[in-house]
Amino acid sequence: MKTISDFLQMKKNGEKIVMLTAYDYPSARLAEEAGIDVVLVGDSLGMVVLGYDSTVPVTMADMIHHSRAARRGAKGTFMLTDMPYLTYQISSAQAMENAARLVQEGGCEGVKIEGGEEIAPQVRALVNAGIPVCAHIGLTPQSATALSGYKVQGRTAEAATKLLHDAVALEEAGAFMIVLECIPAQVAELISKRLSIPTIGIGGGAACDGQVLVFHDTLGLFERFVPKFVKQFETLGVKAKDALSVYADEVRSGAFPDAAHSFSMNEEQLQKIYGDVQS
């Protein structure tokens, strides 16, 4: 399992960090076997697993449940868990209580929280308590409504400067890593060069120190919408539907199950049953 020190060294060496979301045992196991550096149990599970329209309805119970499952699938991979909406914003005490639950009950190595300079006190409190924090700025899905929807952030000089100030404040508060979502590549590059901690891009361009994508997006399993920054490396959703259609057809036609997928009984024992029935 890679450590925080390893991630810092990777940034210094120019080695890219690979992060991928995972929400259960099979997805986390596949991520680990593929050599992913960081598994993120993201609150995006609200949309791609639970079917919500946003991440807002996701609860602590949801995150703990899915973290436990992912931990069983990726026992040797550094794992982060998203803190859900309004589980850390109110106060540092609230943030510490909920983050401790995610670490103790969910089994993650650290937590990810959204927000800029305004949440620096919470970051500092968590880090002082020994809980590693990955920050997240730019497009922050939990506050997408306040940001006027899922739009690129930091396109003006003023907005970009604010992102840079946020990033510096979060690093100074003790964050060991920061996700940059949906911001211009030039701004992400500026932030990445300014910080000594790794930046992880998702719609932030190639200059970030690493990248993260949603498991279901990467494999083409989520079709409600595909963000511009997503590259589908496979179309498993289409293949899965085709396979399930074949299954349904074979059941209806009687082609499945065939002898190769059925169990048989010893002929002598079978004859005894026939004899008992006839008598």
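**Exercise 1. Strand pairing around β5**

Task: State how many bridges join strand β4 to β5, and find the partner of Lys112.

Solution.
Step 1. Strand β4 (residues 110–114) is joined to β5 by 4 bridges, and the two run parallel. The model used here and below is predicted.
Step 2. Look for Lys112. Its bridge partner in β5 is Cys134.

**Exercise 2. Cover on β5**

Task: Decide whether the residues of strand β5 are buried or exposed, and sort them by face.

Solution.
Step 1. The cut-off for buried is under 20% relative accessible area.
Step 2. Count. In β5 (residues 133–138), 6 of the 6 residues are buried, so the rest of the structure largely encloses the strand.
Step 3. Sort by face. One side carries Val133, Ala135 and Ile137; the other carries Cys134, His136 and Gly138. Both faces are covered.

**Exercise 3. A second parallel pair**

Task: Work out which strand is joined to β6, and what covers its faces.

Solution.
Step 1. Strand β6 (residues 177–181) is joined to β7 by 4 bridges, in parallel.
Step 2. Pick one bridge. Glu181 is partnered by Ile202 of β7.
Step 3. Check the faces of β7. Thr199 and Gly201 lie on one side, Ile200 and Ile202 on the other, and all are buried.

**Exercise 4. Helix α4**

Task: Compare the reach of helix α4 with the expected span, then describe its surroundings.

Solution.
Step 1. Helix α4 covers residues 60–73, which is 14 residues.
Step 2. From first C-alpha to last, α4 reaches 20 Å. That is close to the 20 Å expected at 1.5 Å a residue.
Step 3. Of the 14 residues, 10 are buried, so α4 is largely enclosed by the rest of the structure.
Step 4. Name some of them. The buried set includes Met60, Met63, Ile64, Ala69 and Ala70, and also Asp62, His66 and Arg71.
Step 5. Find the packing partners. The buried residues of α4 pack against the helices α2 (25–33), α3 (45–48) and α5 (92–106), and against the strands β2 (38–41) and β3 (78–82).

**Exercise 5. Salt bridges**

Task: Give the salt bridge count, then analyse the pairs of Lys11, Arg29 and Lys162.

Solution.
Step 1. The rule is a side-chain nitrogen of Lys or Arg within 4 Å of a carboxyl oxygen of Asp or Glu. It yields 11 salt bridges.
Step 2. Take Lys11. It bridges to Asp209, with the closest N and O atoms 2.6 Å apart. This pair links distant parts of the chain, 198 residues apart. Lys11 sits in helix α1 (residues 4–13), and Asp209 in the loop between β7 and β8. Both Lys11 and Asp209 are buried.
Step 3. Take Arg29. Its side chain meets that of Glu33 at 3.4 Å, N to O. Both lie in helix α2, 4 residues apart, about one turn of the helix. Arg29 is partly exposed at 30% relative accessible area. Glu33 is exposed at 58%.
Step 4. Take Lys162. Its side chain meets that of Asp166 at 2.8 Å, N to O. The two are 4 residues apart in helix α7 (residues 157–173), so about one helical turn separates them. Lys162 is partly exposed at 42% relative accessibility. Asp166 is buried at 5%.
Step 5. Add the geometry. An α-helix has 3.6 residues a turn, so residues three or four places apart point the same way.

**Exercise 6. Leu163 and its contacts**

Task: Place Leu163, classify it as buried or exposed, and list its contacts.

Solution.
Step 1. Leu163 belongs to helix α7.
Step 2. Its relative accessibility is 8%. The cut-off for buried is under 20%, so Leu163 counts as buried.
Step 3. Set aside neighbours within four places in sequence. Leu163 is then in contact with Ile137, Gly138, Gln153, Gly154, Ile183, Val187 and Ile191. Ile137 and Gly138 are also among the buried residues of β5.
Step 4. Check a C-alpha distance. Leu163 and Ala188 are 25 residues apart along the chain, and their C-alpha atoms are separated by 9.2 Å.

**Exercise 7. Two exposed loop residues**

Task: Locate Ile90 and Gly130, and give the relative accessibility of each.

Solution.
Step 1. Ile90 is in the loop between β3 and α5. At 61% relative accessibility, Ile90 is exposed.
Step 2. Ile90 helps make a nonpolar surface patch of about 350 Å², with Val56, Tyr85 and Leu86.
Step 3. Gly130 is in the loop between α6 (120–128) and β5. Its relative accessible area is 57%, so Gly130 is exposed.
Step 4. The C-alpha atoms of Gly130 and Ala100 are separated by 9.6 Å, with their positions 30 residues apart along the chain.

Definitions and conventions: Residues are numbered from 1 along each chain as its sequence is written. This is a predicted model: local features need pLDDT of at least 70, side-chain atom pairs count only at pLDDT 80 or more; totals for chains, interfaces and linings use all residues. Side-chain values use heavy atoms; hydrogens and water are left out. The expected span of a helix is 1.5 Å times one less than its number of residues. Buried means under 20% relative accessible area, exposed over 50%, partly exposed in between (1.4 Å probe, protein chains only). Contact means heavy atoms within 4.5 Å. Patches are made of residues with over 30% relative accessible area and no salt bridge: like charges are joined within 9 Å, nonpolar side chains (Val, Leu, Ile, Met, Phe, Trp, Tyr) within 5 Å. Accessible areas come from the Shrake-Rupley method with a 1.4 Å probe; for residues, only the protein chains shown count as cover. Two strands pair if DSSP finds at least two bridges between them.
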